[in-house]
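Let's take a friendly walk through the charged pairs and the strands of this protein. Have the sequence and the model open beside you as you read.

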Amino acid sequence: MLHQQIKPFRPDFLWGSASAAYQIEGAWNEDGKGPSVWDLFTKIEGKTFKGSNGDVAMDHYHRYKEDVALMAEMGLKAYRFSVSWPRIYPSGSGEVNEAGLQFYDNLINELLAHGIEPVLTLYHWDVPQALMDDYGAWESRRIIEDFDHYCTTLFERFGDRVKYWVSLNEQNYNTNHGFITAMHPPGVKDRKRFYQANHHAFLANAKVIDSFRKYVPNGKFGPSFAYSPAYPASSRPEDMLAFENAEEFTNNWWLDVYCRGEYPQIPLQYLKEQGLAPEFEEGDLELLLKGKPDFVGVNYYQTITYDFNPLDGVAEGRMNTTGQKGSNQSTGVPGLYKTTPNPNLETSNWDWAIDPIGLRIGLRRITSRYGLPVFITENGLGEFDKLQPDDTIHDDYRIAYLKSHLEQCLQAVNDGVDLIGYCSWSFTDVLSWLNGYQKRYGFVYIDRDETDAKTLRRIKKDSFYWYQEVIRTNGGKLTE
């Protein structure tokens, strides 16, 4: 739809940016912190770009005051960060590590002192290695109680100061790479285990939301879903069916459980026939119904286009983790769908489709299907940034990307989407998991690479000043 007049973002719109503990903190074994699965996984030869890891990362653990001062200079209204579970419970459960709690106390207080709303993510992939060793982490129901215990510790400690909470970050993406592509811990390929681990994560999510209502009754809570709205490759009925399959299996499977407390029927029936459906126990369905969120967190980077895939068709394909454009390969599920390039869209150097309107489409789909507020918890462009001799970084491509997506956010608001806020990914450059340090997302450049931590200097990019003006004008700069 086209609007003759555009109303602005709400006055209390949360202009923010985001990060994750393993990707920025460093201090991987300091002050009583236990190892996470990523502390070990990144040390396995060949798993990451040039063997990069988060041992030092961006050294945010020691430099958080400097980073928060830069956030305040930019004018951020919100900052989304994750808590490292093994920093709080080095063994996953048992005795709490007071030094870990104190670090996040200090960070939260520093944010509030600068007028920045803390948005706390409970889990951003760094499950304690001790739980992986003990019972396979998310493959066991035991994790439900351990996760709830960890989360309630944070609710009790920080609930008086933190209003916005995110439960599981990109459960769909993380488990896909953990159990389908084997690119994340535990590094296996087993679809049955994939669906069972996801079921345990859904139950854990619901249980902590139920606990949250008791400990932080005035807070707001939601999962953060890696949402790639599906497109059909063409209007051929076969492609339309593949698109419907993909939307059900790659999006609604998670969103329906989060927002409705129930699995979508058509995918569940298919998985039962294939012997892949998760195993339910008494009380599971009742628990899922207790997990309805206050908002849907959306991590949006791209749409994905699908076409028909026969029973003997495409399954696995190589993922571009090097930035060599054009190296990504089609993937799919035989008999359901396969991915295909969209000729109408440009792509990044990592072969991610750049589709601002796709964000608007996704926001509308969520609003129409679930009727919940939406919080964009990640959106950004990872690219090769070059530090100039005069200490400048000219990232016009990032400004263009963010501007085009924020323009579509404004259109979505005028369509009727209740949009709480927008957190770019990311504030500073981060360790981009498998992609190393060369794939940069931040408004602030960090002087380091895969093999050398260098000076770790913080250097503001052109996009820093651009977003500063967007925030100052509450999005008015977007319409200039």
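Is Asp-239 buried or exposed? In this predicted model, Asp-239 is buried, with a relative accessible area of 3%. Its salt-bridge partner is Arg-236, and the N to O distance between the two side chains is 3.0 Å. Arg-236 itself is partly exposed, at a relative accessible area of 42%. The pair therefore joins a residue under the 20% cut-off for burial to one that lies between the 20% and 50% limits.

**Salt bridges**

That pair belongs to a wider set: searching the whole structure turns up 36 salt bridges. Another of these joins Arg-87 to Glu-25, with 3.0 Å between the closest N and O atoms. Arg-87 sits in helix 4 (residues 85-88), while Glu-25 is in the loop between helix 1 (21-24) and helix 2 (37-41), so this contact ties together parts that are 62 residues apart in sequence. Both Arg-87 and Glu-25 are buried.

Next, have a look at Lys-460 and Glu-73, whose side chains form a salt bridge at 2.7 Å, N to O. This one links distant parts of the chain: Lys-460 belongs to strand 14 (residues 458-460) and Glu-73 to helix 3 (residues 60-74), with 387 residues separating them. Lys-460 is partly exposed, with a relative accessible area of 25%, and Glu-73 is partly exposed as well, at 38%.

Here are the three pairs side by side:

| Salt bridge | N to O distance |
|---|---|
| Arg-87 and Glu-25 | 3.0 Å |
| Lys-460 and Glu-73 | 2.7 Å |
| Asp-239 and Arg-236 | 3.0 Å |

Which residues are joined into one network by salt bridges that share partners? They are Asp-385, Asp-395, Arg-398, Asp-429, Arg-440 and Lys-461.

**Strand 5 and its neighbours**

Now turn to strand 5 (residues 220-226), which is mostly covered, as 6 of its 7 residues are buried. Strand 5 is paired with strand 4 (residues 164-169) through 4 bridges, and the two run parallel. Within this pairing, Trp-165 has Phe-221 of strand 5 as its bridge partner.

How many bridges join strand 5 to strand 7? There are 3, and strand 7 (residues 296-299) runs parallel to strand 5. To find this pairing in the model, look for Phe-225, which stands opposite Val-298 in strand 7. As you look along the strands, keep in mind that side chains in a regular strand alternate between the two faces of the sheet.

How values were computed
Residues are numbered from 1 along each chain as its sequence is written. This is a predicted model: local features need pLDDT of at least 70, side-chain atom pairs count only at pLDDT 80 or more; totals for chains, interfaces and linings use all residues. Side-chain values use heavy atoms; hydrogens and water are left out. A salt bridge is a side-chain nitrogen of Lys or Arg within 4 Å of a carboxyl oxygen of Asp or Glu. Buried means under 20% relative accessible area, exposed over 50%, partly exposed in between (1.4 Å probe, protein chains only). Two strands pair if DSSP finds at least two bridges between them.
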